[in-house]
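Hi everyone, thanks for making time. I'd like to walk you through one structure, piece by piece, so have it open in front of you.

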Amino acid sequence: MVKSPSRDGETLLSPGEKFALGFFSPGNSKNRYVAIWFHKIPAQTIVWTANRENPVPDSSGVLTINGGNLVLFDGVHSNSSVLWSTNISTALNYSTATLTDSGNLVLTDDHQRVVWDSFDHPTNTLLPDMKYGLDRRTNLNRVLTSWKSEDDPGPGEFSLGLDPRGMPQFFLKKGLDTIWRSGPWNGLTFSGIPGPSGIPGPNHDAVFSHNFFNDGNELYFKYHAIKHSVLARSLLDPSGAFQWFMWSDSRHRWSLQWVANQNMCDQYAHCGPYGSCDSGREAECGCLRGFEPKTVGEWSDGCMRRKPLDCGGKRDGFLKLAGAKVPDTSNCRVEPTLSLEACEEECLKNCSCTAYARVNISGEGSGCLIWFGNLVDLRVYSGGGRDIYIRLAASELDKSSYRHSRGLQGNKKLLVTILIVILLVLLFCFCGYFWRKKAKGHKINERSNLVFNDNDIEENDKNHLKSVSTSHVKSNSAEAIDIPIVQTSEIPTKTNPLLTIPLKPPVIIPLINLILGLILLPLPQSQKPQRILRLIYRKIPLKTM
């Protein structure tokens with residue numbers, strides 16, 4: 001708890017003595033500043049500065065609570081002028097300032113309600129448990145700003161803050177010029193911080209938990225140290241480098257874990273619109289497939305399409321680009337409930353739509369992003385990144401790419417349709433086959449039961465008359481032989497006409513063509529499954545029918 005007053009040379013410690021609050025002089029400067037630093041680290045490491053724009057020229061500074069505000073006075077010069085204050089507009093009868101073990105200086109009222117805290121007013125350092133982003137209720141935007149130099153903690157020319165437009169992302173700027181972009185949160189990390197590195201990344205999951213919160217009131221990123229003994233910080237230094245450090249007890253120094261803008265591909269829009277950057281290539285810049293350089297040798301101009309899109313005919317396709325840092329999402333439209341298939345359909349409805357990707361890649365994934373206009377600041381990683389689907393004219397895609405790109409929806413529907421048709425056709429053929437076989441069996445049985453045909457009956461009648469005429473001559477010589485006489489009324493003279501109609505194979509093939517033709521009619525010619533048709537015909541047992 002801050003004593004009233006607290007003078008230069010006095011130090012306030014957090015309950016666990018992890019952080020300290022007091023006066024310090026940076027580098028070679030003799031000016032004095034109120035600051036917070038890690039207490040148990042040999043090399044003093046500042047994480048927050050109060051009066052960074054108004055230093056105390058000597059050791060006369062006094063920090064006290066006045067009118068409910070925490071105030072820094074110059075105790076000697078200029079008639080004890082105010083150099084810094086928490087500037088709470090509501091007058092408080094009583095307030096208390098406390099330094100927590102997370103490094104947060106908190107001002108509370110007499111009901112223990114927080115009325116101000118240093119985490120809402122960061123300087124150049126991001127600590128665990130610090131909300132880094134927007135509070136929509138108060139229009140507070142927590143932005144990091146670099147020091148001017150190692151000797152001057154005043155606000156420098158570099159800043160890092162959250163842009164809520166489109167799909168929110170962090171931008172590192174030099175003045176008004178963007179020099180680096182984090183990319184949007186994808187459910188696991190930021191698109192521009194792939195693989196095992198990050199702030200912190202997936203390889204630190206046992207040490208840190210991290211998440212991105214976005215609701216009606218707040219929009220921020222925060223990470224938490226699961227192991228309280230771990231010391232970590234993210235620093236925006238005077239040169240504009242955004243770095244993440246962890247303290248190494250064995251080496252007694254800060255260990256650099258990650259740097260945001262460490263190569264040319266990290267520079268914002270380094271390869272221009274529709275250009276992709278890959279630090280693994282000899283020439284890092286290149287055009288996306290279907291594009292060509294707008295100005296040879298001048299990558300800041302980016303690339304342009306070789307062939308225009310077919311907006312009205314809907315014959316455009318999509319090229320899947322894997323392992324990418326997705327383009328700038330400031331002008332994106334977020335569709336949190338659409339599947340990738342529905343997102344593709346939605347993109348094809350708008351001629352300005354140039355790409356789409358999944359919003360959240362964690363678990364089974366959910367939602368989608370739709371880009372309109374130029375694709376800027378796109379890069380490809382050798383590991384990590386996410387998939388994005390770039391819209392191209394169909395002529396720019398080979399058959400396999402076209403089917404794959406349209407196949408997110410089309411291939412599933414086509415496959416299901418073809419399988420249903422195959423099953424129906426096979427069922428029809430097999431039913432016809434067994435019905436035909438059964439009919440043939442009945443016909444053979446009926447014919448096998450006939451003893452004579454019409455000619456046999458006529459011949460038998462002649463023989464019978466002949467035998468009767470000679471029976472008187474030979475009546476005494478031998479016993480007469482009984483000859484069976486078959487009545488003509490017992491002989492069927494007609495057969496079932498249905499059994500005489502053959503099931504001809506030429507009737508089936510046009511039927512299959514008709515069914516598949518009607519179903520596949522809306523598809524482009526490149527998608528007609530001719531091989532599947534031939535395979536179906538080859539499998540039908542026509543010869544046995």
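**A walk through the strands and the core**

Let's start in the middle of things: methionine 246 sits across from serine 255 of strand β23. Before I go on, please keep in mind that this is a predicted model. So, what holds that spot? Strands β22 and β23, the latter covering residues 253-259, run antiparallel and are joined by six bridges. As a reminder, strands in a sheet pair through backbone hydrogen bonds, in a parallel or an antiparallel way. Between β22 and β23 there's a hairpin with four residues linking the strands, and there histidine 252 has a positive phi near 55°.

Okay, let me zoom out for a moment. The chain has 545 residues, and 44% of them count as buried. It holds six helices and 33 strands. Now take the contacts between residues at least 6 apart in sequence: 54% of those join residues at least 24 apart.

Next up, the nonpolar core. Which residues have the most contacts inside the largest one? That would be Leu160 and Phe208, in a core of 59 residues. Our strand from the start comes back here: β22, residues 242-248, gives the most to this core, with five residues. There's also a second, separate core of 22 residues, and Cys332, Leu369, Val380 and Ile390 are among its members. In general, nonpolar side chains in soluble globular proteins tend to be buried together.

Now for the rings. The structure has 26 aromatic pairs. One of them is tryptophan 185 with phenylalanine 212, a stacked pair at 6.2 Å centre to centre, with 20° between the planes. Where do these two come from? Tryptophan 185 is in the loop between β18 (177-184) and β19 (208-214), while phenylalanine 212 is in strand β19 itself, so the pair links distant parts of the chain, 27 residues apart. Are they buried or exposed? Tryptophan 185 has 9% relative accessibility, so it counts as buried. Phenylalanine 212 is buried too, at 14% relative accessible area. Both belong to one aromatic cluster, which also includes Tyr132, Phe170 and Trp244.

Here's one I like: arginine 233 lies over two ring faces. Over phenylalanine 245 it sits 4.7 Å from the ring centre, and over tryptophan 254 the distance to the ring centre is 4.5 Å.

Last topic, two open sheets. One has four strands in the order β14-β13-β20-β19, paired antiparallel. Why do β14 and β19 each have a side without a neighbour? They stand at the edges with a single partner strand each, so one side of each is left free in the sheet. Inside it, β13 (residues 132-135) pairs with β14 over two bridges, and aspartate 135 stands opposite leucine 140.

The other sheet has three strands, β9-β10-β11, again with antiparallel pairing. Here β9 (95-99) and β11 (114-117) are the edge strands; each has a single partner, so one side of each has no neighbour in the sheet. On average, neighbouring strands in this sheet are turned by 25° against each other, ignoring direction. Strand β10, residues 105-109, is joined to β11 by three bridges, and leucine 107 stands opposite tryptophan 116.

That's my tour, thanks for listening!

Technical notes:
Residues numbered from 1 in each chain as written. Predicted model: local features only at pLDDT ≥ 70, side-chain atom pairs only at ≥ 80, totals over all residues. Heavy atoms only, no water. Pairing = 2+ DSSP bridges. Axes fitted to C-alpha atoms, helices over the stretch in contact; angles between N-to-C directions. Core = buried A, V, L, I, M, F, W, Y, C linked by side-chain atoms within 4.5 Å. Buried < 20%, exposed > 50% of the residue type's maximum accessible area, 1.4 Å probe, protein only. Phe/Tyr/Trp six-rings, centres within 6.5 Å; stacked < 30°, edge-to-face > 60°. Lys NZ or Arg CZ within 6 Å of the ring centre and 35° of its normal. Contact = heavy atoms within 4.5 Å.
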